[in-house]
Amino acid sequence: MGVISNFIKLPSRDKLVALESLFWVIRIRITLWIFPFPSVQRKVQKKASKHHPTTEHLVSMVRLRIMITVASRYVPRATCLVQALAGYILFSKYGYQPSIKIGVSTLNGEFEAHAWLEHGKRVVLGESEKDFKTILDIDQT
């Protein structure tokens with residue numbers, strides 16, 4: 001019952017952002033199961049491009065990050081890629097200009113991939129202690 005009671009205690013704006021986060025994490029997860037990544041990428045970019053950057057942000061980047069991270073705990077296989085794509089849409093909706101970074105690491109001979117979200121060269125979702133070499137940069141330009 002802790003999740004529901006915590007949700008009920010949230011201010012109205014945070015409830016909306018929490019529900020939007022859960023919606024987009026679920027939708028992106030299902031879409032990635034059904035369609036290849038390039039198709040999902042185009043859909044996400046198209047959705048995000050409908051929103052214009054603004055200096056009046058109704059929701060902070062910290063709040064968006066928290067809501068997406070919490071929502072991802074309740075969706076099976078909500079990987080860093082799912083979170084970055086959902087975050088891309090939500091950060092764009094609330095007036096930010098994010099970019100998705102997808103990188104790889106071959107530390108100690110082990111291949112690993114990771115996706116994260118940046119805003120102004122700063123990681124805002126998906127921080128990692130490892131150093132990943134960016135192989136794909138998806139932004140709104």
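Which residue in β4 does Gly 103 stand opposite? Gly 103 stands opposite Thr 134.

This is a predicted model, in which local features need pLDDT of at least 70, side-chain atom pairs count only at pLDDT 80 or more, and totals for chains, interfaces and linings use all residues. Residues are numbered from 1 along each chain as its sequence is written, and side-chain values use heavy atoms, leaving out hydrogens and water.

## Strand β1 and its partners

Helices (H or I, at least four residues) and strands (E, at least two) are DSSP runs, numbered from the N terminus. Buried means under 20% relative accessible area, exposed over 50%, and partly exposed in between (1.4 Å probe, protein chains only).

Strand β1 covers residues 99-105. It is largely enclosed by the rest of the structure, because 7 of its 7 residues are buried. In a regular strand the side chains alternate between the two faces of the sheet. Here, Ser 99, Lys 101, Gly 103 and Ser 105 point one way. Ile 100, Ile 102 and Val 104 point the other way.

Two strands pair if DSSP finds at least two bridges between them. Strand β1 runs antiparallel to β2 (residues 112-119), with 7 bridges joining them. One bridge partnership sets Lys 101 against Trp 116 in β2. Strand β4 (residues 133-138) is also antiparallel to β1, and 5 bridges join these two.

Lys 133 belongs to β4. It counts as exposed because its relative accessibility is 61%. Contact means heavy atoms within 4.5 Å. Leaving aside neighbours within four places in sequence, Lys 133 is in contact with Ile 102, Gly 103 and Val 104. Between Lys 133 and Val 104, the C-alpha to C-alpha distance is 5.3 Å, across 29 residues of sequence.

## Two loops with positive phi

Strands β1 and β2 form a hairpin with 6 residues between them. Most residues other than glycine have a negative phi, and most peptide bonds are trans. Asn 108 and Lys 121 have positive values, as tabulated here.

| Residue | Place | Phi | Relative accessibility |
|---|---|---|---|
| Asn 108 | loop between β1 and β2 | about 55 degrees | 72%, exposed |
| Lys 121 | loop between β2 and β3 | near 70 degrees | 76%, exposed |

## Helix α2

Helix α2 (residues 12-34) has 23 residues. From its first C-alpha to its last it reaches 33 Å, close to the expected 33 Å. The expected span of a helix is 1.5 Å times one less than its number of residues.

Buried residues of α2 include Asp 14, Val 17, Ala 18, Trp 24, Val 25 and Ile 28. Their cover includes α1 (2-9), α3 (37-49), α4 (61-72) and α5 (80-93).

Ser 21 lies in this helix. It counts as buried, because its relative accessibility is 0%. Not counting residues up to four places away in sequence, Ser 21 touches Met 67, Ile 68, Ala 71 and Leu 90.

Thr 31 is also in α2. At 14% relative accessibility, Thr 31 counts as buried. A polar contact is a pair of N or O atoms within 3.5 Å; within protein, one must be able to donate a hydrogen and the other to accept it, and residues adjacent in sequence count only if both atoms are side-chain atoms. The Thr 31 side chain reaches the backbone oxygen of Arg 27 at 2.6 Å.

## Aromatic rings

Rings of Phe, Tyr and Trp (its six-membered ring) pair if their centres lie within 6.5 Å; planes under 30 degrees apart count as stacked, over 60 as edge-to-face and the rest as tilted. The count by this rule is 3 aromatic pairs. Phe 91 and Tyr 96 make a tilted pair, because their planes lie at 55 degrees, with ring centres 5.9 Å apart. Phe 91 counts as buried at 0% relative accessibility. Tyr 96 counts as buried at 6%.

Trp 116 and Phe 132 are also tilted, at 6.2 Å centre to centre and 45 degrees between the planes. This pair links distant parts of the chain, 16 residues apart. Trp 116 is in β2, and Phe 132 is in the loop between β3 (122-125) and β4. Both residues are buried.

A charge sits over a ring if NZ of Lys or CZ of Arg is within 6 Å of the ring centre and within 35 degrees of the ring normal. The charged end of Lys 43 sits over the Phe 35 ring, 3.6 Å from its centre.
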